Amino acid sequence: MTRLTKGNLKEIIAVSRSIKKSGLPKNLVCKKLPGGLGYGIFLHPTAKPILKGQVIAPYAGEVSLSPQNLSELSSDSEYVFCLIQDIRLTKKEQFLIGDGLCYRPSRVYSFDLDGEKKGNFTRFINHSKRANVDAILSRLPSRTLQPLEIIYIANKTIRPGQQLLVNYEGEEKAYWGKVKPAPITPSTFRLKKESLTRSMTL
Ligand SMILES: C[S@@+](CC[C@H](N)C(=O)[O-])C[C@H]1O[C@@H](n2cnc3c(N)ncnc32)[C@H](O)[C@@H]1O
């Protein structure tokens, strides 16, 4: 768990405003990639570099509490982050969840954040082992509605035109099964100013 600095909180507020206003911060571009990779997020070719430690945005989505390791009930979303796992609930709490399962004291639950149906542009940030963005589990001040957040923060300088990439696999987290990810790096599909249509420009 990482404690955010006051500077980080200010950046989160500023980027959240810009997401609310226009969906995508002005310095970023969302572009379709070849090879079935879907969309990706890039730093605009004429933008200033993003510096190491700079906040990209909070990862947004729907939060849910659901039984862990129960394939028929757990989500198979490609956009989900586990915020807390191995949560044990009382009989009353399990009843209140309303998952229809009979009470089991040993059952463990996970608290998840899923960007599949509701989210912001961070859901389009692709995976790489050579990521330039870290997903940081952070505790926000207790006044906020959702005290735990995943914050995307640059882990190195991101140069204009480079793709923003995060490593989906944490220390314990196995995202990729039999299908292996394409070995992309921030510069594999580097954007050039000439390749942008007018609607994508700053
Ligand atoms: C969180 S989404 C990322 C955004 C996705 N490109 C889109 O357009 O919705 C995760 C999915 O993107 C694809 N993806 C992301 N990084 C990839 C990589 N390095 N190689 C292959 N597929 C990737 C996979 O389908 C993965 O399940």
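1. Which pocket does the ligand take up? The ligand occupies the second largest pocket. A pocket here is an open set of points on a 1 Å grid over the protein atoms alone, with protein on both sides within 12 Å along at least five of seven lines; a molecule sits in a pocket if more than half of its atoms lie within 2 Å of its grid points.

2. The model is predicted, with local features needing pLDDT of at least 70 and side-chain atom pairs pLDDT 80 or more, while totals for chains, interfaces and linings use all residues. Residues are numbered from 1 along each chain, and side-chain values use heavy atoms, without hydrogens and water.

3. Around the ligand there are 16 residues, counted when a heavy atom lies within 4 Å of it. Leu37, Tyr39, Tyr79, Asn126 and Ala182 come nearest.

4. Polar contacts are pairs of N or O atoms within 3.5 Å. Asparagine 126 places a polar side-chain atom 2.8 Å from a ligand nitrogen atom. For histidine 127, a polar backbone atom is 2.9 Å from a nitrogen atom of the ligand. Tyrosine 175 has a polar side-chain atom 2.8 Å from a ligand oxygen atom.

5. No disulfides are counted, a disulfide being a pair of cysteine sulfur atoms within 2.5 Å.

Notes
A polar contact is a pair of N or O atoms within 3.5 Å; within protein, one must be able to donate a hydrogen and the other to accept it, and residues adjacent in sequence count only if both atoms are side-chain atoms. On a 1 Å grid over the protein atoms alone, a cavity is a set of points where a 1.4 Å probe fits but cannot get out, and a pocket is an open set with protein on both sides within 12 Å along at least five of seven lines; lining residues have an atom within 4 Å of a point.
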